[in-house]
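Biologist: I should like a close look at one helix and at the core to which it contributes. Please set out which of its residues are buried and which are exposed.

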Amino acid sequence: MSPRSGFVALAGRPNVGKSTLVNYMVGHKVAIVSDKPQTTRRAIRGVLTVPDRYQLVLTDLPGVQRPRDALTSRMQQRVEQELGEADAALFVVNGDQGVGGAGDRFIAEALASARIPIVIALNKIDRLNHARTVQGLVTASDLGLPDAEVFPISARTGKGVPALVDYLAGLLPEGPFYFPPEDFSDQSEDVMLAELVREQVLLRTRQEVPHAVEVQIEEIEQAESAVVVRAIMWVETESQKGILIGHHGRMIKAIGTAARKEIERELADHVHLDLSVRVRRSWRADDALLDRLGIT
Ligand SMILES: Nc1nc2c(ncn2[C@@H]2O[C@H](COP(=O)(O)OP(=O)(O)OP(=O)(O)O)[C@@H](O)[C@H]2O)c(=O)[nH]1
């Protein structure tokens, strides 16, 4: 049998577990995970290859939403563009928080007009008993996507994921692989490292701060005993800057230490992380800065 290859676009409300699922499928950390909604700003691809059989290219879409500013309207354009280019869509719903709310229905409508096969994954079943799983499956089958197959899964434990992957692979057209089999992401190293820093910011900040922070890698330099990584955390106000620095610099130190460990794992080398905070008012509406940060 000839190998299959193609693109699967992940859709789903913020926080349903799309990044966790991509990471589990791919077996590598390609998308950062946090408990704050809307942490995914870029259409990150994870690549899952089974040599001679298939290559699944996963696009981790940002949460579908109505445009508010330059950042969210770019996200919305990405959603439509990615759906137009995909071979199938995987709609992830959150079994733990009730399926079928306004957000799920809004996405279901967007998918219904996409004219590609749709698959629904009912996620977080590790938190559900049998009765709630069955109820979730029934509701997911009633989202207005009558041809969609529904899979109960846990992205956290991996339960149900192999069956889902097999099914998705079967939807792909026959064709050559898009990426070398050893690749698991198309992200540049800069973006990957910046995301690892941002992940630590998200873990440690609350309210408006997580969404006001973007990280830019300024320089990666191979020194004798370590790789030197210089990163800037952009925020929108002086008070956010104060929060990121923390009392006696404790916050920036904690972010730096944790991010350095993640970066060392990624680069398999000793790392010296030089982290600073800078203020740029309303960077989210600043097209030039978004371009430079690679948010397209
Ligand atoms: N119990 C449980 N928690 C999960 C599961 N999958 C994801 N989570 C948790 O749900 C939260 C959100 O997960 P993400 O993977 O960041 O969600 P996302 O859909 O990518 O979120 P956005 O980037 O905001 O679109 C995290 O705290 C995850 O650990 C699961 O199968 N079971």
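Modeller: A residue is called exposed if 12 or fewer other C-beta atoms lie within 10 Å of its own, and buried if 20 or more do. In this predicted model, Pro162, Ala163, Asp166 and Gly170 of α5 are exposed. The buried residues of α5, by contrast, are Leu164, Leu168 and Ala169. These three lie on the same side of α5, because they cover an arc of only 135 degrees around the axis. The four exposed residues are on the other side of α5. As a general rule, an α-helix has 3.6 residues a turn, so residues three or four places apart point the same way.

The helix α5 spans residues 161-171 and supplies at least two residues of the largest nonpolar core. So do the helices α1 (18-26) and α3 (102-112), as well as the strands β1 (4-11), β3 (54-60), β4 (88-94) and β5 (118-123). The largest share, six residues, comes from β4. This core has 45 residues, of which Val8, Ala89, Leu90, Phe91 and Ile120 touch the most other members. Beyond its neighbours within four places in sequence, Ile120 is in contact with Phe91, Val93, Ala140, Leu145, Ala148 and Val150. Separate from this core is a second one of 21 residues, including Leu193, Leu202, Val229 and Ile243.

For the chain as a whole, 41% of the 296 residues count as buried, and the chain contains ten helices and nine strands. Among contacts with a separation of 6 or more, 69% join residues 24 or more positions apart.

Technical notes: Residues are numbered from 1 along each chain as its sequence is written. This is a predicted model: local features need pLDDT of at least 70, side-chain atom pairs count only at pLDDT 80 or more; totals for chains, interfaces and linings use all residues. Two residues are in contact if their C-beta atoms, placed from the backbone, lie within 7 Å. A nonpolar core is a set of buried Ala, Val, Leu, Ile, Met, Phe, Trp, Tyr and Cys residues joined through C-beta atoms within 7 Å. The arc is that of the directions from the helix axis to the C-beta atoms.
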